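Got your viewer open? Let's walk through this one stop by stop, selecting as we go.

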Amino acid sequence: MADHNSFHFLGKKTIRKDGLAKVLGAEKYASDLSIPGMLYARVLKSPFPRARVKSIDVSKSEGMGAVVITFIEMPRIRFCPRLVSTPEATYKDWRVLSGNPLYVGEPIAAVASESEEDAQRALEAIEVDFEVLEPYMNALDSLKGGEGLLHENVVFNEKEIQVENNIACRLEITEGDVQKGFSESDVVIEREFRTNRRYHNQLENKSVLVSPEVDGGVSLWSTSQTIHNTRLLLHEIFGIPVSKIRVHKAALGGSFGSSIQTNTIVPIAVALALKARRPIKLSYTREEDMRDHSSYQMIFRMKLGAKKDGKLQAGELNMIMDIGAHQVQAYPLLGCVVGWWVSLYKLPNLRYVGKAVYTNKVPSCALRGYGNPQTTWATESMMDELAEALGMDPLDLRLKNYIGKGDLFWGQGPTVKSIINSCGVEEILRRGAELIGWENRPKPFAQRGRFRRGIGLGRGYHTSSAGSPIPGTVIDYTGAILKVNEDGTLDYITAMMDQGGGTLDAHAKIISEEIGVPVDNVNVVVADTQTTVYDVNTHASRGVYAGGGVALMVARQVKAKILEFAGRALEAYPHALKIRPDEELGQAVIYAEGLTSKQITLGELASMARVKNWGTIAAVESLRPGSCPPHFTGYFIEVEVDTETGKVKPLKVVAGADIGTVINPDLAAGQIHGGFAMGWSMAILEDTPYSESGDLLNQGMMTDYKTPTTLDLPKLDDFKVFFVETYEPSGPFGAKGIGEGALNPVAGAVANAIYNALGIRFYVLPMTPNMILKALKDRERIK
Amino acid sequence: MKVELTINRRKGIFEVEPNELLINLLREKIRLTGTKYGCGIGMCGACTVLLDGEPVLACLTLAVDADGGEVETIEGVAREGKLDDLQEAFLEEGAVQCGYCTPGFIMTAKALLNENPSPSEDEIRGYLKGNYCRCTGYVNIIKAVQRAAEKRKRIGKQEI
Amino acid sequence: MNINKVDTHIIPFEFEYHSPESLEETVKLLEKYGSEASILAGGTDLLVNMKKRITEPKHLVNIKKIAELNGIVETPEGVRIGATTKLRSIEKSEMVRERLPVLYEAVRLMGSIQVRNMATIGGNLCNASPAADSAIALLALDAKTDIIGQSGLRSIFLSEFFLGPGKTVLRRGEFLTGLSISSLPEGSGSSFLKVGRTSMDIATINIATFLRLRKGVVENCRIALGAVAPIPLRIFRAEDYLKGKAISKDAVEEAAQIVSEDIKPITDLRATAEYRRDVSKALTRDALTISWERAKGRR
Ligand code: FES
Ligand code: FES
């Protein structure tokens, strides 16, 4: 079906299936679960950013009746908590508990008791003697290596390799002749950018409930974006047979990438459960969660060269990223950063050097966009600067150079290249410009007075999945099971998680659309690792595209079987039968057009199949996407800067997106609303600075991790979202992703808007009132 | 210590320690887990419940201090199997994403509409500023509150 | 902060709970337990500090059962507000809005609706945060604090109440029972302004001003700023400068200059000292200008 105007369900507003439980307060998140007889666990964390445990005495806590584990008795194995890359792209430097903690908050030991209070008291009774070591609180210092190595060696591709200069991993890419490209350019600019180190601040803190089983296995529920990889990791660490580890899905209270990897607390809780032989509940508090994961902080040195007419000739990018104390996915990220960078605009000659550096900070992991928001902020700032240097309209410069339909792009890095088959960039930019009034935007230096306005543009994209025509180093496939019940409903069973975006609702709609059953009749089953086929992860904005893709595959097969059975039942040719969702009957009806006697409901058919022993109508499939088509976004943001306080207000937002066929309009718009809020916050508010002692300055308290409130964002009428019409041939019914593209361009657009208002360019995030006021003062002084 | 609390219209006597927080009494003791912990220090509103009709934070309320009070949690909002207008509106406007903030928002919004049946957008934003949501950017949540207010007006419903 | 002692799910230590119903009983309890006791009012600061283990009282004295501590009443001079009056009640009070508009403006911006439903005015003041919005407004109103202790009642100006962050003049066994505030007089205007990182934040810097004009001349004036010194601060030099002067843009500008010189800000997570100094000038100018405008209208 290519005519996307005739969809029955897609593009129509529906109520999300898990919504009812959520508005009733009945939805169960990992932190809400309990099992009779469970113990409450607490984790002993390193108070020092770098130390060695000389001795640890747990006798007092054990005397209080607590079950205690320390790093000493943990399996000797080093692992990587994220199992998305192939072994030749996976570095392992984590332990369940550590005797050589490398960040404030790193788990050293854990206790479990009958109540959380008892557990906390037992925790306080543990005595530890530390040798405190000099930490590296800055990637550039770390590179110099004056205080020795944080990891002497790490495990790579199952072998120990030496670490040099605290560089966790590096990647260099050259294409074409950069020197030549720059010498042929009329304008060359080079700038340095530094991003913030943000915290996910997902509302649900990391949590796990583990129950030891009589067969030596475990059952567990945790905050996770991947139940199958959790199972495989626990097998790797504890040697429990895979089939005896049962990981259940539990609703996620937001994640934004912070549970792509199996969370730190999960193996700890498993170790406790194995020792205690009792169920263990371990829920982090906010202050613990904030010391558990953060985004990647990046320092970019970027150089771009262009001809007078605006055609880009060459680009060079040096990137150093501070990954904190351990690698979650630093190596694949090095590839992605270059991918994000070179897939926005055509660069005939390019050179990239990326280095990931260990520091004694909270370990970094993906945070919605996986380095793309950072890279795009720098790139989009550069494009505006370049436009100014060339005397061009920034919009035209982008239109001249963007990568679109028919072009090769390598969004998820050099091993994940494919050709773009759908692209709405031009329409996004043109319509957005019109809606915001781009033509009439202020001139950067023209304004006087206290309050100054500016309009900025940022564009971006993200891949939908990490698929590609060849295997590469990223594992990306997903599976689904679909079966028809005797009442005509369908059970859809997938391991894929919904982070809140409504991914699984989109799947249900795709199935409904393909078969012709009412959406209400598709049940999304809350499943586990034993009852599902493998899915790698809900990440890389792949939920709708890849997950929806396999949902469509099983739907097609089930549809074929339905028609085959109906042919038998109605004594008609299967290929001549049709299926319609009958609202009145609340059922799918299979019928031969024009022949009223020849029709049967799906429920009747399934029941007949049972009594006649035809069997169950069902299908199971796996899908590896052959590409990862970009979904494109563009933001036009108008701000007002108070030059007396340095405060920036968002006045107006216009956001356009090309996500292929829109499956769930209000949920897709919801992704953009949330993406904007997160991007705005990234641009002007969020950071996790560290104190002298190497701990978070805010000590994990939300009081000092600021995000915008309801009052700090634009009014309803001042926030316009539009979708352009495209059709992605490789996607289910033409659909692509949206989750990350919704965020990626925002910080760049804000930076450009502030520049438009003040004529001052900022190269550091977040752009705080302090920074803005100081810059204004400095400018006055120079004048 | 013994405290008497009416929770979702049911009176009960509870044995609590002085240091026991209302949030834990609800979540751990009587397994009403709709009230969420988000920050523990009053910054996120996920633990919002109504105490004698007013929105308060269960993470900063001692159970003993609530003695004699009437507590309403998200589990008490739907009556006789029928959703409240706010719950319906949250579904209809797509105001629910991960849903972890939803109970807190609904409780605060319920107090708002009881106090002010036709709030302006600014008033809604002002009233809800202590409820944090990472997913939605608040847009559909504000719309949902507006929609619920309109629904009530249409059917002439007053305070419930 | 010892990170292994903090668990904000719970209050991880035990204490004894008291809920006296009279002032005398309260004084006795406080006298008896001294520094081992903490007064529980709204709890929004105390419980957070207990969770952070900044304070670990062995006795908690809940004063919310004492009826006479709660409420807003009219007095010949103006208004009396009981110590356990909720911020939300102050915000909703017509009397406050009319007679003490600057207090209304400040309280309205404090915390969330939930916090304002819980937090009390007395608790807010006794917490002695240098940034407390309510304190700044009350300083501009020259409020008086009523204190009770074993030796009876005493009353002092709020401007003498604070000694440092978290420190007040309250002695062992003493506690705050309420505030006495005079209504804004004829010909006067006041205003409150605040800069925070978001709309739900402790002030990065805040200010309240009060001006009384007679025929265009400043007859009386008060200027108070928060988050610029160890205590909520009156800037007497700027007040004295304005008193007796004909109000003018230049006079306002000069007062703002004095304010920016006399404050003693520090650099913290919220802002640098330099930022606070710069912004104090703009805020003072704005606040005085608004007060001036309002004074013209209030006859
Ligand atoms: S958990 Fe109570 S306000 Fe965040
Ligand atoms: S819907 Fe996820 S935090 Fe609000």
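Start by showing chains C and A together: across their interface the rule finds 9 salt bridges. Keep in mind as you click around that this is a predicted model. For one of those bridges, select R42(A) and D7(C), whose side chains meet at 3.3 Å, N to O. While you're here, the polar contacts between chain C and chain A come to 18 residue pairs, counting those with both residues at pLDDT 80 or more.

Which helix gives the largest share of chain C's side of this interface? That would be α11(C), with 7 residues touching chain A. Colour chain C's side by class and you should get 15 nonpolar, 7 polar and 12 charged residues.

Now zoom out to take in the whole C–A interface. On chain C, 34 residues are in contact with 43 residues of chain A. In chain C, pick out I3(C), N4(C) and L269(C): these lose the most area to chain A, and together they make up 22% of what that side buries. The area buried between the two chains is about 3100 Å², with carbon and sulfur atoms giving 53% of it.

**Next stop: W292(C)**

Go back to helix α11 of chain C, which runs over residues 273-297, and select W292(C) within it. Is this tryptophan, W292(C), buried or exposed? With a relative accessible area of 17%, W292(C) counts as buried, because the cut-off for buried is under 20%.

To see what surrounds W292(C), leave aside its neighbours within four places in sequence and show its contacts: L211(C), L213(C), I247(C), S248(C), K249(C) and V252(C). Then add T209(C) and draw a C-alpha to C-alpha distance to W292(C). You should read 9.6 Å, though the two are 83 residues apart in sequence.

**Then: a short helix in chain C**

Stay in chain C and select helix α8, residues 133-140. How many of the helix's 8 residues are buried? The count is 8 of 8, so α8(C) is largely enclosed by the rest of the structure. Step along the helix and you'll pass D133(C), S134(C), A135(C), I136(C), A137(C), L138(C), L139(C) and A140(C), the buried residues of α8(C). As you do, remember that an α-helix has 3.6 residues a turn, so residues three or four places apart point the same way. Just after α8(C), check the backbone of D142(C), which takes a positive phi of about 55°.

**Last stop: chains A and B**

Hide chain C and bring up chains A and B. Here 59 residues of chain A are in contact with 50 residues of chain B. The area buried between chain A and chain B is about 4400 Å², and carbon and sulfur atoms give 58% of it. In chain A, highlight L203(A), T710(A) and L716(A), which lose the most area to chain B, together 18% of what that side buries.

The rule finds 4 salt bridges across the A–B interface. Select D122(B) and K715(A) to see one of these, with side chains meeting at 3.3 Å, N to O. Polar contacts between chain A and chain B number 31 residue pairs, both residues at pLDDT 80 or more.

Which helices of chain A each supply at least two residues to the side that touches chain B? Select α1 (19-24), α8 (286-289) and α16 (665-684) of chain A. Of the residues on that side, the largest share, 9 residues, comes from α16(A). Finish by colouring chain A's side by class: 23 nonpolar, 22 polar and 14 charged residues touch chain B.

Key:
Residues are numbered from 1 along each chain as its sequence is written. Chains are lettered from A and ligands numbered from 1 in the order in which they are written. This is a predicted model: local features need pLDDT of at least 70, side-chain atom pairs count only at pLDDT 80 or more; totals for chains, interfaces and linings use all residues. Side-chain values use heavy atoms; hydrogens and water are left out. Helices (H or I, at least four residues) and strands (E, at least two) are DSSP runs, numbered from the N terminus. Buried means under 20% relative accessible area, exposed over 50%, partly exposed in between (1.4 Å probe, protein chains only). Contact means heavy atoms within 4.5 Å. Buried area is the accessible area (1.4 Å probe) that two parts lose on being put together, summed over both. A polar contact is a pair of N or O atoms within 3.5 Å; within protein, one must be able to donate a hydrogen and the other to accept it, and residues adjacent in sequence count only if both atoms are side-chain atoms. Ala, Val, Leu, Ile, Met, Phe, Trp, Tyr, Cys and Pro count as nonpolar, Asp, Glu, Lys and Arg as charged, and the others, Gly among them, as polar.
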